[in-house]
Amino acid sequence: MRIVVTGGAGFIGSHLVDRLVEEGHEVVVVDNLSSGRREFVNKAAELYIRDLKESDWGVGIRGDVVFHFAANPEVRLSTTEPVVHFNENVLATFNVLEWARQTGVKSVIFASSSTVYGDAEVIPTPEEAPYKPISVYGAAKAAGEVMCATYARLYGVKCLAIRYANIIGPRLRHGVIYDFIMKLKRNPNVLEVLGDGTQRKSYLYIKDAIDATILAWKKFEEIKEPFLALNVGNLDAIKVLDIAQIVAEVLGLRPEIKLVPTTPDGRGWPGDVKYMTLSITKLMKMTGWRPTMTSGEAVRKTAEDLAKELWQ
Ligand code: NAD
């Protein structure tokens with residue numbers, strides 16, 4: 001099968017491309033290398049350096065399926081730079097759907113996010129929970145999902161929206177573990193933790209996430225439903241203070257941990273969801289998949305992976 005992966009030079013996208021190549025697919029990567037790296041792109045994949053914000057980004061590119069994984073994933077930036085997030089995450093998704101419709105793509109697999117639920121009332125949060133984003137990033141993902149679902153019903157371009165929890169592992173270049181390592185590189189004696197330290201979220205290791213993504217996609221191709229939203233996350237969660245502890249331990253440091261209050265209710269920043277664990281019952285029933293590492297194990301393994309990549 002010929003598969004287009006947008007954002008295939010980024011963290012999740014590049015691991016996905018490796019797996020698709022391994023499975024014998026013909027893979028086309030589309031990426032503007034804004035946060036992705038050329039060296040992360042599998043040599044067997046064809047790389048097009050294009051910007052999805054341009055409506056003609058897809059000229060000369062064809063595929064049976066598109067995994068739309070390009071985005072600006074910096075949730076915090078979406079609070080201060082909402083226009084960037086509208087363009088990178090709403091306009092770009094619309095341009096991908098238009099290209100899919102015009103070129104006869106069979107299905108779109110859209111990298112959505114747990115942030116569409118905002119401060120969910122039910123935890124672990126099931127897919128039936130309402131869209132209630134509290135960040136522009138989450139709103140952009142919800143908008144992308146609604147657009148995908150509409151294209152599925154109206155034009156027959158099937159869409160699977162995968163709502164990822166925090167996905168972590170080698171090649172990660174954003175998020176709390178990466179930030180802690182970079183802060184400790186600058187000052188090994190003090191580690192600033194944004195918020196009150198009690199924020200508790202679910203983390204899934206990249207290999208587990210890719211296994212789940214591939215299994216969910218294959219099942220989705222067998223069913224008739226034009227649109228499906230599926231959570232991909234872990235069964236448990238971990239507190240940000242415990243992440244700080246693990247990262248320091250892995251690096252062999254004993255920094256003073258300094259809490260930096262940023263909002264009255266102890267969030268990391270305005271728009272940060274404080275508690276997040278997704279219900280993965282639907283995914284497990286549908287595919288038989290289960291996570292092989294807990295959130296804590298995934299954090300430790302990622303800290304070790306990133307220490308090798310960044311700590312010299
Ligand atoms: P990433 O930043 O590593 O990858 C994003 C890729 O998209 C990069 O290679 C970047 O260069 C590319 N890109 C960005 N804007 C582009 C544009 N306009 N045109 C072409 N390419 C562009 O991020 P990631 O963590 O790998 O995230 C992948 C996807 O998964 C994103 O859609 C993200 O929102 C979603 N997601 C990630 C997580 C997570 O924990 N990592 C959680 C939920 C959802």
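A cavity is a set of grid points, over the protein atoms alone, where a 1.4 Å probe fits but cannot get out; its lining residues have an atom within 4 Å of a point. The legends below describe close-up views of a predicted model.

**View 1. The largest cavity and its lining.** One cavity of 30 Å³ or more is counted. The largest cavity holds about 40 Å³ of space. Its lining consists of S114, Y117, G118, A120, I123, T125, V273, Y275 and M276. Six of these lining residues are nonpolar and three are polar. No charged residue takes part in the lining.

**View 2. A cis peptide bond at P124.** The bond between I123 and P124 is cis, with omega at about -5°. Most peptide bonds are trans. P124 sits in the loop between β5 and α4. I123, the partner of P124 in this bond, also appears in the lining of the largest cavity.

**View 3. The residues around the ligand.** The ligand is surrounded by 30 residues. Of these, I12, D31, S35, Y137 and H174 come nearest. By class, the shell has 14 nonpolar, 10 polar and six charged residues. Strand β5 gives the most to this shell, with three residues.

**View 4. Backbone contacts to the ligand.** Three residues place polar backbone atoms by the ligand: F11, N32 and L52. For F11, a backbone N or O atom lies 2.8 Å from a ligand oxygen. For N32, a polar backbone atom is 3.1 Å from a ligand nitrogen. For L52, the distance from a backbone N or O atom to a ligand nitrogen is 3.0 Å. The protein buries 96% of the 830 Å² that the ligand exposes when taken alone. Four elements give two or more residues to the shell: α1 (11-22), β5 (107-113), α4 (136-155) and β7 (166-168).

**View 5. L33, a residue with positive phi.** L33 is not a glycine, yet its phi is positive, at about 60°. Most residues other than glycine have a negative phi. L33 belongs to the loop between β2 (26-31) and β3 (46-49). Is L33 buried or partly exposed? L33 is partly exposed, because its relative accessible area is 24% and the partly exposed class runs between 20% and 50%.

**View 6. R171, another loop residue with positive phi.** R171 has a phi of about 80°. This value is positive although R171 is not a glycine. R171 lies in the loop between β7 and α5 (176-186).

**View 7. The second largest pocket.** About 160 Å³ of space lies in this pocket. Its lining runs through S55, D56, W57, G58, V59, G60 and R62, and also includes N95, E98, W99, Q102 and T103. How does this lining divide by class, and how many residues are charged? Three residues are nonpolar, six are polar and three are charged.

**View 8. V66 and A100 across the chain.** V66 lies in strand β4 (residues 65-68). V66 counts as buried because its relative accessibility is 0%, and the buried class covers values under 20%. V66 and A100 are 34 residues apart along the chain. Their C-alpha atoms are separated by 7.9 Å.

Definitions and conventions: Residues are numbered from 1 along each chain as its sequence is written. This is a predicted model: local features need pLDDT of at least 70, side-chain atom pairs count only at pLDDT 80 or more; totals for chains, interfaces and linings use all residues. Side-chain values use heavy atoms; hydrogens and water are left out. A residue is near a molecule or strand if one of its heavy atoms lies within 4 Å of it. A polar contact is a pair of N or O atoms within 3.5 Å; within protein, one must be able to donate a hydrogen and the other to accept it, and residues adjacent in sequence count only if both atoms are side-chain atoms. Accessible areas come from the Shrake-Rupley method with a 1.4 Å probe; for residues, only the protein chains shown count as cover. Ala, Val, Leu, Ile, Met, Phe, Trp, Tyr, Cys and Pro count as nonpolar, Asp, Glu, Lys and Arg as charged, and the others, Gly among them, as polar. Buried means under 20% relative accessible area, exposed over 50%, partly exposed in between (1.4 Å probe, protein chains only). On a 1 Å grid over the protein atoms alone, a cavity is a set of points where a 1.4 Å probe fits but cannot get out, and a pocket is an open set with protein on both sides within 12 Å along at least five of seven lines; lining residues have an atom within 4 Å of a point. Grid points are joined across faces, edges and corners, and a volume is the space filled by probe spheres set on the points.
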